[in-house]
Structures are given as structure tokens and as C-alpha cells.
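Subject: Handing over the structure

Hello,

Here is the structure I promised to pass on to you. Please have a look at it, and then read on for what I found.

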Amino acid sequence: MASNPIKFGTDGWRAIIADDFTFANLRFCAQGVASYLEQTGLASRGLVIGYDTRFASEHFAASAAEVAAGNGIPVYLCPRPTPTPVVSYGVLAKQAAGAVIITASHNPGAWNGFKFKNEQGFSAPDEVTRQIEALVDRAFQQKLVKRMPLEKAVAQGLVAYTDLEPVYFEQLERLVDFKALRSSGLKAVIDPMYGAGAGYLKRLLAGGTASAVEIHGERNPLFPGMARPEPIAANLNQLAAKVREEKAAVGLATDGDADRMGIIDEQGNFLTQLQVFALLCLYLLETRGERGGIVKTLTTTSMANRLGELFHVPVFETPVGFKYVAPVMRQQNALIGGEESGGYGFRGHVLERDGILACLYFLDLMVRRGQTPSELLSYLYDRVGPHHYQRVDECFPAEQRPAMVSRLEQQRPEAIDGVRVSRRDAGDGWRYVLEDNSWLLIRFSGTEPVLRIYTETDSPSRAARLLEIGRRLAGISRGVVP
């Protein structure tokens, strides 16, 4: 019996194009979703289908639409590359059964992916993806897929090309003071990283004294000049240089499908995702005066805990993945949810990461406080103390993972960098919390053969030492797996 290569990771199924990510496998995946919607009685509500700017994404999306239509499920098909948060909000706007998004988010250009969002617009929880995986496997083993040619589905009204941008912009108008932003005189440089977010922030800020310069706004599936469309420091050198050249107030980046964001300050320095999350928490709690819980993944900053203490709001911690954050946000009516990768979600909106809204909120923080990003960071540290975060990603041969897992499970250090380990947990990776509240985490990526090592501590030099200790604990020396 053939082995089914389709497995859902942290956020959907991702694979290398023309290797495992083929039209045949995508159709099996779409059939699994269609069967799930039929079994749960949701099929009649329809399915939103969107896609990013990667190679052939529009054709993969059309294939998914053909399968949904072949199963009698109405489809709202995006007519052009559309950011994931726009598609996710489209689920709510259309009261649909969910969404399929063809995207590999921040992965390198050789990859593509298949995300499924539930009827609330956020990533399906594990119990749902397990059901879908079983149905995908059944379709794969039986080689059974129902399809209707796209032209026929459009002619019969089963597939309707649907531009979701207008309803998404209407939603943003309810959340953001655009009059103040557009009349602020701020100059921003925007880097959509050749992705689906191209043009969005520029259009939203137009019409006043604010100005926006966009780079990498054209479609290019190779993502030249960057290892991958992920808004981290290593991929934002051109954005940083443009901010300095333009003497702009800030640089704003969104990843390949625009559900994550990154910030470059007015001096061309990168603000880490943990610093940005803490600043967004401070913005909502102090600048806007709102109250509600904070939800964070275990890789996210302990500054959130300190802000929770200062503003007397609860802080909830989840495993890595927004599919774990969103349900807690809904249960607790939380104010904000965030993860280390630069994905942030907000109350009053679809409970999913939205890099576009996060960028707008960061701009609003700058305008309301009249401060530059570096000044905002200094103010944050005045409130919570200095916190320095670093992360390294180490690629390794997939067959060596069992040996690495065994080694990490056996590690029980009493102290790290001369400080006693106060807590060790292995709920999602291996995390060591030290007595001084510094922490070190070692975990495997949910989508690639990559080991991620994270730390947050009181100085950059100490962060570098902790990362090296993390490498040694995992059996990695200078980036090489023995």
C-alpha cells in the first residue's frame, strides 16, 4: 500500500513543489476537507479559497475549487493573490464553513502549502486536522476524488470569484483611526516580501500627509535577496537600508501570506518579534486603555507576564502554533494573542494572525505617543526591564531526528550558564526556565527538518552563550549535527 505523504503540521500541510506538493496530492487534500465538511453538516455554507504569490498557487487553488465543486460545495474563490488574514476574515464575512488557503507562508520558494481555517476563521485545532487527515488518507488510498471542471463550476454558480478586500477594509475602518494615521505625516517603508500583502498597507495609508514607500511589491516566487519571506532580521537588510536612505520613521514588513509582521526602527535596526509583541500589549493596555487577558505561546516573551502584573490582567500560555492561541483567546475573551514568529491576533477581529492589522496598530502606537520605535522600546524597558531575545535554526538530516530526541530527553542540567534551572518542561520541545527568569527552549519545527533554539535573557552576549549551550544540549556543534 502506498504511503500517504500528506501530514498536517503546526499550520496545515506544506511540502516541496513537484516533489510531494503535486496537483494529485493537493486534490486528495481538498477531497479530505470536502468530506469533512459534508460529515459535519457544514458543506452548504460554502468554502472560501485563497492563495499567495508562490509558483502556481492560483492553479493549485483552482484545483481545490474544482474538488469542492465536484462535491457540491459552493466556493468563494479569490481572483488574485490574497493575504491569509483577508481570507480568514472572509470566512466570517461570508458565514462560510471555512477556508482553504494555498500558501507556504514563510517557507523558502521551493515550498507550497495547504492551510485549512475553520468556520470561525482560525486554524483548525488538532482534533479537526486529525479527522481531515484520516479522510485525506482514505481518498489517497482509494484514489478517489470528485472533481468538476472550473469553467463548468463557474457556469453553474458553484464557484464565484469573490474579492474580499472591500469587506476586510470595512472591518479595519472599525478598528483603526485612519484619519489620525493618514494625517500624521509619518513616512513608512513597507516590504511585503514579494508576497500576498503587496499594496495593502500602501493603499490603506494613502490620502493624507502620511507617505509609504513600498519595496518588493512585485510577484516573484523565488524571493530574491532573502532566504525565505519571513520578516526576521536576516531577511530585512534591504528594508533597513531603505529606511535609512528615505529617512523614514519606520519599516514595516509582512511575510509571504501577510499573517506575520516585522518592524525596522528609524535607525535601521530590527525590533525582535518579542519586543513588538510586548509593545502591542502595552499599546492596547496603556495607550488605548483596554483590559483583557494576554495569550502567548511558550516561545514568546516573559515581558507579557510582567505587563500582566502591572495592568492586573491574566496571562495564558499555550504550545507553539496559533491554532492553540485562538481557542484560548475565544474562551477568555482575551485582548491579544501572540507567538514568537511575529504573528499577532486581536480581540474584535477574526481570531487569527493578521500582519496588516498589527502593522497598523504599531503605527497608531507611534502616532498616539509621538515616539519613534527606538523611543518606544526604551519606554517599554523602563516599565519591564531589559529583555534580549535570540533564536537560531539548525537544519539536520531527517533520519537523525530520533537520536536527537533521545539525547534531549535525557538531558537534566541542574544549572545553565551558572544559574540554577528552576523548571524544566517538555510539553512542546524542551524548555529550561532559570532562577533569574531567563529561559532556553529547544524544539523541532512542525513544518521542516529544522531544530529551533530560542532564548530570552538580560543581555545580548548572554543570549549568545545560552544559544550555544542549547546547541550542545541537542548534540549540535557549530551548526553541524554529528
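A word on terms before we start: a residue is called buried if its relative accessible area is under 20%, and exposed if that area is over 50%. Please also keep in mind that this is a predicted model.

Helix α9

Let me begin with α9, which covers residues 237-246. Which of its residues are buried? They are L239, A240 and V243. These three cover an arc of only 100° around the axis, which puts them on the same side of α9. The face turned away from that buried side carries N237 and E245, both exposed. On the inner side, the buried residues of α9 pack against three strands: β7 (187-191), β9 (250-254) and β10 (261-264). Just after the helix comes K247, with a positive phi of about 50°.

Two other positive phi values

Ahead of α9, in the loop that joins β8 (211-214) to it, you will find H216. Its phi is near 55°, a positive value in a residue other than glycine. Q95, also not a glycine, has a positive phi of about 50°, and it belongs to the loop between α3 (84-94) and β4 (98-102). Are these two loop residues buried or exposed? H216 counts as buried, at 10% relative accessibility, whereas Q95 is exposed, with a relative accessible area of 60%.

Aromatic rings and charges

The model has twelve aromatic pairs, counting rings whose centres lie within 6.5 Å. One of them joins Y36 and F116: the ring centres are 6.2 Å apart and the planes stand at 80°, so the pair is edge-to-face. Y36 sits in helix α1 (residues 23-39) and F116 in strand β5 (residues 111-117), so this pair ties together parts that are 80 residues apart in sequence. Y36 is buried, with a relative accessible area of 8%, and F116 is buried too, at 4%.

For Y168 and F169, the ring centres are 6.3 Å apart and the planes are at 50°, so this pair is tilted. Both of these residues are buried. There is also an aromatic cluster made up of W13, F21, F23 and F60.

Charged groups meet rings as well. The charged end of R203 sits over the ring of Y200, 4.9 Å from the ring centre. Likewise, the charged end of R401 is placed over the ring of F444, at 4.3 Å from its centre.

Two packed helices

How do α10 and α14 pack? Helix α10 (residues 273-287) and helix α14 (residues 373-384) meet at an angle of about 75°, and their axes are 10 Å apart. Angles from 65 to 115 degrees count as roughly perpendicular, and α10 and α14 are therefore roughly perpendicular to each other. On the α10 side, the residues in contact are Q275, A278, L279, L282 and E286. They meet L376, L377, Y379, L380, Y381 and R383 of α14.

V433 and its neighbours

Last comes V433, in strand β19 (residues 430-434). This valine is buried, with a relative accessible area of 10%. Leaving aside residues up to four places away in sequence, V433 touches R420, V421, S422, R423, S438 and W439. From V433 to E456 there are 23 residues in sequence and 9.9 Å in space, C-alpha to C-alpha.

Enjoy exploring it, and do write back with any questions.

Best wishes

Technical notes:
Residues are numbered from 1 along each chain as its sequence is written. This is a predicted model: local features need pLDDT of at least 70, side-chain atom pairs count only at pLDDT 80 or more; totals for chains, interfaces and linings use all residues. Side-chain values use heavy atoms; hydrogens and water are left out. Buried means under 20% relative accessible area, exposed over 50%, partly exposed in between (1.4 Å probe, protein chains only). Helices (H or I, at least four residues) and strands (E, at least two) are DSSP runs, numbered from the N terminus. The arc is that of the directions from the helix axis to the C-beta atoms. Contact means heavy atoms within 4.5 Å. Rings of Phe, Tyr and Trp (its six-membered ring) pair if their centres lie within 6.5 Å; planes under 30 degrees apart count as stacked, over 60 as edge-to-face and the rest as tilted. A charge sits over a ring if NZ of Lys or CZ of Arg is within 6 Å of the ring centre and within 35 degrees of the ring normal. Axes are lines fitted to C-alpha atoms, for helices over the stretch in contact, and angles run from 0 to 180 degrees between N-to-C directions. Angles under 35 degrees count as roughly parallel, over 145 as roughly antiparallel, 65 to 115 as roughly perpendicular and the rest as oblique.
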